[in-house]
Structure formats: structure tokens, C-alpha cells
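Trainee: I should be grateful for a close look at one part of this structure, followed by an account of how its surroundings are arranged.

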Amino acid sequence: NVKDPGWVTITGKILSKEKREKNDKKFTRGVIGDETGRMPFTSWVDFDFNEGDVVELSGMVRSWLGMLSLSISEGAELKKIDEEVEAKHLKISIGELEERGGGFEVVVIGELLEIQKGSGLIVRCPICRRAVKGNNCTIHGEVDGVWDLRLKGVLDDGTGNLSMIIGRELCEKLLGKSLEEFKEEAKNAMGSAIVSG
């Protein structure tokens, strides 16, 4: 369980990885995890591992906006390990999350105190993904908007509270209906207020 910046050696499962290039320099970005949580990583050395592999590696943990990430650079030791590791999400209180200044793929449990205006069916700019009104984007002018679903609210667990925005996929799971079903209901009700709470 890495809590602070500094040099570390960790063992974890590669959950995702993607080869990238910037300024003619190749690197790999991804997510590694173990039973204590998950962390994004950037490897500046040859990273010849696959998703699902368990590896032991060393690198520098840095903090940005409260989120820790691992940087694997020249001289780092990387090796595949033949053992099972279950990658879990860190469960944390909102108060501790606020104290840390943020987190990456953490789980908080609380009570939804408020569903805020702007929840439900919305139309987004196809270019910048901002919510638009009347097919007018504040950045791109008149656009042919794309339907989406979101929930904006305030979550509280007694140790603190946070504003949250839940995207389409999780909204569909929580509400038990697809975007298409909500669009059909809104069409039948002659407006999108049907899902705005």
C-alpha cells in the first residue's frame, strides 16, 4: 500500500497497458494493482509484459493533484513473477480522500444527499464533449449534438462530502435502463425532465 511519494519496489498485476510516443520517445502507460489498490504507471524502459502478468518492479512514485503514479525509468528492475495477485480498489473514507488531496480508482461509500441540476439526459458537443443547450456549444457554436446520460450529485459519508459526476455507463447500471430507453421515455413525455429527478 503506497501512500507517499518516493522510490518503491512493488509487486502487482498489470491491469492495462498502452504503447505511446511523444517527441520521438517511446513509453508505456498503464495501470498496476494489488490487494491494497491500483496505480497508474509510465514506463520509460522496454516494457514487454502483457495485461494479466504479475510483475515485480521498482520506480519513483510521484504525486500530482493528490493522485500517486509510478514512473519506471532507466536502471529500474523489472521481472515477471509466477504468483497470483488480486487487484482490488482501495476503500477509503471521504475524509481521508480529502486529506490525501485525491485518489485513483478508489471506492467511497456514502449517502447521496442531493441530485443536482444538469442530471439526466443531456446533449453533448461532438467535438469537445461539453453539455450544449439548443445545439449550441459555447466553444464550437452550432453543432449536431450527441445524446448522453449523467448524474451530478453530492455524496456524504459522515467524514466529509464530495461532488460527483456519474457517467452514462454507471448511470445505466444504477438506474436499470439504457440511454435509448430513457430517450424513448423522454420522447413519449415530450421532454427530458423525466430522468432529472
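Trainee: Please begin with the helix that holds leucine 175: which residues does helix α2 span, and which residues make the nonpolar surface patch with Leu175?

Mentor: Leucine 175 belongs to helix α2, which covers residues 168-175. Please keep in mind that this is a predicted model. The relative accessible area of leucine 175 is 43%, a value between the 20% limit for buried and the 50% limit for exposed, so the residue counts as partly exposed. Together with Leu170 and Leu174, Leu175 makes a nonpolar surface patch of about 290 Å².

Let us turn from the helix to the strands. Strand β1, residues 6-22, runs antiparallel to β4, and eight bridges join the two. Within this pairing, isoleucine 10 stands opposite leucine 57 of β4. Leucine 57 also stands opposite leucine 78, a residue of β6; the pairing of β4 with β6 is antiparallel and has three bridges. Strand β4 pairs with β5 (residues 67-72) as well, again in the antiparallel sense, over five bridges. Tryptophan 64 has methionine 67 in β5 as its bridge partner. Two residues lie between the strands in the hairpin of β4 and β5, where leucine 65 adopts a positive phi near 55°.

Aromatic rings form a further topic. The whole structure contains three aromatic pairs. In the pair of phenylalanine 27 and tryptophan 44, the ring centres are 4.7 Å apart and the planes meet at 35°; since this angle is neither under 30 nor over 60 degrees, the pair is tilted. This pair links distant parts of the chain, for phenylalanine 27 sits in strand β2 (residues 25-34) and tryptophan 44 in the loop between β3 and β4, 17 residues apart. Phenylalanine 27 has a relative accessible area of 6% and is therefore buried, whereas tryptophan 44, at 32%, is partly exposed. Phenylalanine 41 and phenylalanine 47 form a tilted pair too, with 4.9 Å from centre to centre and 35° between the planes. Both of these phenylalanines are buried, and Phe41 and Phe47 form one aromatic cluster with Phe49.

Finally, consider histidine 89, found in the loop between β6 and α1. Its relative accessibility is 36%, so histidine 89 counts as partly exposed. Leaving aside residues up to four places away in sequence, histidine 89 touches Gly37, Arg38, Glu105 and Val107. The C-alpha atoms of histidine 89 and phenylalanine 104 are 8.9 Å apart in space, while 15 residues separate the two in sequence.

Notes: Residues numbered from 1 in each chain as written. Predicted model: local features only at pLDDT ≥ 70, side-chain atom pairs only at ≥ 80, totals over all residues. Heavy atoms only, no water. Phe/Tyr/Trp six-rings, centres within 6.5 Å; stacked < 30°, edge-to-face > 60°. Helix = DSSP H or I, 4+ residues; strand = E, 2+ residues; numbered from the N terminus. Buried < 20%, exposed > 50% of the residue type's maximum accessible area, 1.4 Å probe, protein only. Contact = heavy atoms within 4.5 Å. Patch = residues over 30% accessible without salt bridge, like charges linked within 9 Å, V, L, I, M, F, W, Y side chains within 5 Å. Areas by Shrake-Rupley, 256 points an atom, 1.4 Å probe, with all protein chains shown as cover. Salt bridge = Lys/Arg side-chain N within 4 Å of Asp/Glu carboxyl O. Pairing = 2+ DSSP bridges.
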